[in-house]
Amino acid sequence: MKATHFGAGNIGRGFIGEILAKNGFSIEFVDINETIIDALMSRKGYTIELAEESKRQIQVANVTGINNQKNPEAVIDSVATSQIVTTAIGPNILPFIAELIAKGIQKRKANQVPEKLDVIACENMIGGSQFLFEKVKAYLTQEDLDYVNQYVGFPNAAVDRIVPIQHHEDPLFVSVEPFSEWVVDKTQMKNPEIVLSDVEYVDDLEPYIERKLFSVNTGHASVAYTGASLGYQTIDEAIADEKVLTTLENVLKETGSLLIAKWQFDPQVHQAYAQKIVARFKNPYISDAITRVARTPIRKLGYDERFIRPIRELHDRNLSYQQLLTVVGLIFNYRDEKDEQSVELQKMLQNESLEAVVRKVTQLTDETLIAEIVAAASK
């Protein structure tokens, strides 16, 4: 079996690629990074190292690369002949691969490929695959869409694995944490016969997406922004500070109270899940830069993102969100001259009132919440 995977970066190779290879797929990685693509084409394999004491290594074979900038036709052929298509390229890049996927689907239709296909966006976002489908649809005719309705699924997924920024002499070598979670909405699949080991298939993905977003993403970012405010450079340095650890634990209590109230997660099971997250962030074998985790602060302050959404929903349920507010206040004061959004946010704050910027960035209309965020950001 063959997989087309968009995104040959560390997450693509160190997470999705590992699971696809483990399940017997050969993988055609699609990317515009010439160094990585050329290395994949020539070597046909790479090494993953687990960030743990034993430093266990996993060899991934039967891979190659396609440069979508230089060879788009090969990408179209790949999509047309694969049994599964996956992505790990970042939410903002998904629109740029939509046309290639659409043309691959059209080629499957023209070639009367009898196999059904699932396209799974493995991104840090809610509804990633369906978002990608909306972009793909723009390039499809009604006749193409009739074919898609029968043969091509875009099942949403939730993914979780810490893959820190890293630099190695070998451009293909990648270090990842031992933990990984990949959950797929099986109700949106067109080819349920392909069941990957190490992937969980569920009837309702939303509870799992929110659990991950409001626990791992919110928690990780909370460590980053609190650590940055105290002058730390890496996540492991920051979390060794009792103040940062306490902030994380309190954030996870608040988001946990929302998840338990909303989705009826078992409180004890969820507490164990939260403790596992804290242990993952404390992993001494992962030195993750705070600038990586804290990047794109404007996006992280979005209405449906990891801070504002739980604050809104906790507020609606009369549950505490004070620690989340404190972290949001830190985000408005976060500075990283190398991060475009951080620079943009600080420029906005120079040219407009704090309240105006809070309204614009968060899209909130609730006057109480706006006033509380303004107060938190003013401290």
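Which helices and strands each supply at least two residues of the lining of the largest pocket? In this predicted model, the elements that do so are helix H1 (10–22), strand E2 (26–31), helix H4 (94–110), strand E9, helix H7 (206–229), helix H11 (290–294) and helix H12 (297–300). Among these contributors, H1 gives the largest share of the lining, 5 residues. The residues closest to the centre of the largest pocket, out of the 50 that line it, are Ile11, Ile89, Gly90, Arg292 and Arg295.

The second largest pocket is lined by residues that include Glu249, Leu252, Lys253, His270, Gln271 and Val278, and the elements that give two or more residues to its lining are helix H9 (242–263) and helix H10 (267–282). The two pockets are set side by side in the table.

| Pocket | Volume | Nonpolar lining residues | Polar lining residues | Charged lining residues |
|---|---|---|---|---|
| Largest | About 1500 Å³ | 23 residues | 15 residues | 12 residues |
| Second largest | About 240 Å³ | 5 residues | 5 residues | 2 residues |

Strand E9, which supplies at least two residues to the lining of the largest pocket, spans residues 157–160, with Ala157 and Val159 pointing one way, Ala158 and Asp160 pointing the other way, and all of them buried. In a regular strand the side chains alternate between the two faces of the sheet. E9 runs antiparallel to strand E11 (residues 181–185), to which it is joined by 4 bridges, and within this pairing Val159 has Trp182 as its bridge partner.

A further antiparallel pair is made by strand E3 (residues 45–50) and strand E4, joined by 5 bridges, in which Thr47 stands opposite Gln59. E3 and E4 form a hairpin with 6 residues between them, and Lys55, which lies in the turn, has a positive phi of about 50°. The faces of E4 (residues 57–61) are not alike, for Ile58 and Val60 make up a covered face, whereas Gln57, Gln59 and Ala61 make up an uncovered one.

The nonpolar interior can be described next. The largest nonpolar core holds 54 residues, of which Val223, Phe281, Val328, Phe332 and Ile373 touch the most other members. Ile373, when residues up to four places away in sequence are not counted, touches Ile308, Leu325, Val328, Phe332, Val358 and Leu364. A second, separate core of 36 residues includes Leu20, Ile48, Leu50 and Val60, and Val60 also belongs to the covered face of E4.

Definitions and conventions. Residues are numbered from 1 along each chain as its sequence is written. This is a predicted model: local features need pLDDT of at least 70, side-chain atom pairs count only at pLDDT 80 or more; totals for chains, interfaces and linings use all residues. Side-chain values use heavy atoms; hydrogens and water are left out. Buried means under 20% relative accessible area, exposed over 50%, partly exposed in between (1.4 Å probe, protein chains only). Two strands pair if DSSP finds at least two bridges between them. A nonpolar core is a set of buried Ala, Val, Leu, Ile, Met, Phe, Trp, Tyr and Cys residues joined through side-chain atoms within 4.5 Å. Contact means heavy atoms within 4.5 Å. On a 1 Å grid over the protein atoms alone, a cavity is a set of points where a 1.4 Å probe fits but cannot get out, and a pocket is an open set with protein on both sides within 12 Å along at least five of seven lines; lining residues have an atom within 4 Å of a point. Grid points are joined across faces, edges and corners, and a volume is the space filled by probe spheres set on the points. Ala, Val, Leu, Ile, Met, Phe, Trp, Tyr, Cys and Pro count as nonpolar, Asp, Glu, Lys and Arg as charged, and the others, Gly among them, as polar.
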